[in-house]
Amino acid sequence: MMRNAFIGAARIAVVLAAAVFLAAPVAQAQLYPRAEPEFPEVNWSFDGLFGTFDRAAAQRGFQIYNEVCSNCHSLKQAYYRDLIGIGLNEQQVKDVAASKRVPAIDDNGQPTERPALPSDHFRSPFHNEKAARAANNGGLPPDLSVIVKAREGGPDYVYAILTGFADPPAGFKLMEGLNYNHFFAGHQIAMPQPLRDGTVTYTDGTNNALDQEARDVVTFLTYIANPELEERHRMGVKVVLFLLFLTGLTYTIKRRLWANVDH
Ligand code: HEC
């Protein structure tokens, strides 16, 4: 009796282990469900079970956010100290923060500004939505903190938007103040094309073609939205290794238990 129950349990364990092992890559692949198949498919350093953030790319991406996107888009959920995660050291983070001014209250209770600290949130370009719309032809630049999670296609979608600007096809009626984009719903976007070949000059001397700039800023934005991604991947690998071990163990036990049974 005992033995039968044990064998039954071992069998269930083997099936479960196999199921989880097979399901892991599927769950991973669905992290960013793909909306439209015609998005360019980009190979990201952070893809897959072993993916990590390319630190140099993320730092160049921060340079782009800082010099270009931050003129219109906030990154409200990020703190300056988060830059440690892409490889900046403490002094560099302090310097970046100190170069920004954030709202504060002075000794008389009046609103003022002070240099930011590493513990401050990234500064926002506009005080409120009205000011943001007024400066953008009525369009509202969304906060970019979780944009790669908020849109179907994730990083591929943001890359597609950044590289998808073009002249409208003949006969396309483009509304005043909007720009043609292959991948934006309806193809009319209030954002003027933010990146072109050579928009930034990289401090590390990397070739600044549009494709590179778009990849780098998307790598940075993906880090900001998923700072725990590498830890999650490490855990995933451990779980899979453990399940493999467990599968081997249950199989060996099963062989031993059945060794002397006629069947
Ligand atoms: C001149 C201001 C401006 C700059 C600079 C700018 N954007 Fe935008 N962005 C906008 C506006 C306005 C919208 C809203 C578009 C709309 O709703 O039609 C937008 C929308 C977006 C969207 C959202 C598309 C969607 O699905 O809603 C993404 C992603 C984006 N911007 C990324 C960036 C990145 C990355 C940069 C820097 C490389 C950048 N933007 C620079 C103004 C700007």
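Here are three short exercises, with worked solutions, on this predicted model.

**Exercise 1.** Work out what span helix α2 should have, and check it against its end C-alpha atoms.

*Solution.* Start with the residues: α2 covers residues 55-67, which is 13 residues. Next, use 1.5 Å a residue, counting one less than the number of residues. This gives an expected span of 18 Å. Finally, look at the ends: the end C-alpha atoms are 18 Å apart, so the two values agree.

**Exercise 2.** Find the helix that the buried residues of α2 pack against, and describe how the two helices are arranged.

*Solution.* First, list the buried residues of α2: Ala57, Ala58, Gln59, Arg60, Gly61, Phe62, Ile64 and Tyr65. These pack against α7, residues 210-225. Two packed helices are described by the angle between their axes and the distance between the axes. Here the angle is about 95 degrees, and the axes lie 7 Å apart. Angles from 65 to 115 degrees count as roughly perpendicular, so α2 is roughly perpendicular to α7. Now see who takes part: α2 contributes residues including Ala57, Phe62 and Tyr65, while those from α7 include Val217, Phe220 and Leu221. By class, this contact has nine nonpolar, two polar and four charged residues.

**Exercise 3.** Describe the shell of residues around the ligand by class, and name the helix that gives the largest share.

*Solution.* Begin with the total: 23 residues surround the ligand, and Cys69, Cys72, Gly139, Ala190 and Met191 come nearest. Then sort the shell by class: 18 are nonpolar, four polar and one charged. Last, turn to the helices: α6, residues 154-163, supplies the largest share, with three residues.

Notes: Residues are numbered from 1 along each chain as its sequence is written. This is a predicted model: local features need pLDDT of at least 70, side-chain atom pairs count only at pLDDT 80 or more; totals for chains, interfaces and linings use all residues. A residue is near a molecule or strand if its C-beta atom, placed from the backbone, lies within 6 Å of it. Helices (H or I, at least four residues) and strands (E, at least two) are DSSP runs, numbered from the N terminus. Ala, Val, Leu, Ile, Met, Phe, Trp, Tyr, Cys and Pro count as nonpolar, Asp, Glu, Lys and Arg as charged, and the others, Gly among them, as polar. A residue is buried if 20 or more other C-beta atoms lie within 10 Å of its own, exposed if 12 or fewer, and partly exposed in between; C-beta atoms are placed from the backbone. Two residues are in contact if their C-beta atoms, placed from the backbone, lie within 7 Å. Axes are lines fitted to C-alpha atoms, for helices over the stretch in contact, and angles run from 0 to 180 degrees between N-to-C directions. Angles under 35 degrees count as roughly parallel, over 145 as roughly antiparallel, 65 to 115 as roughly perpendicular and the rest as oblique.
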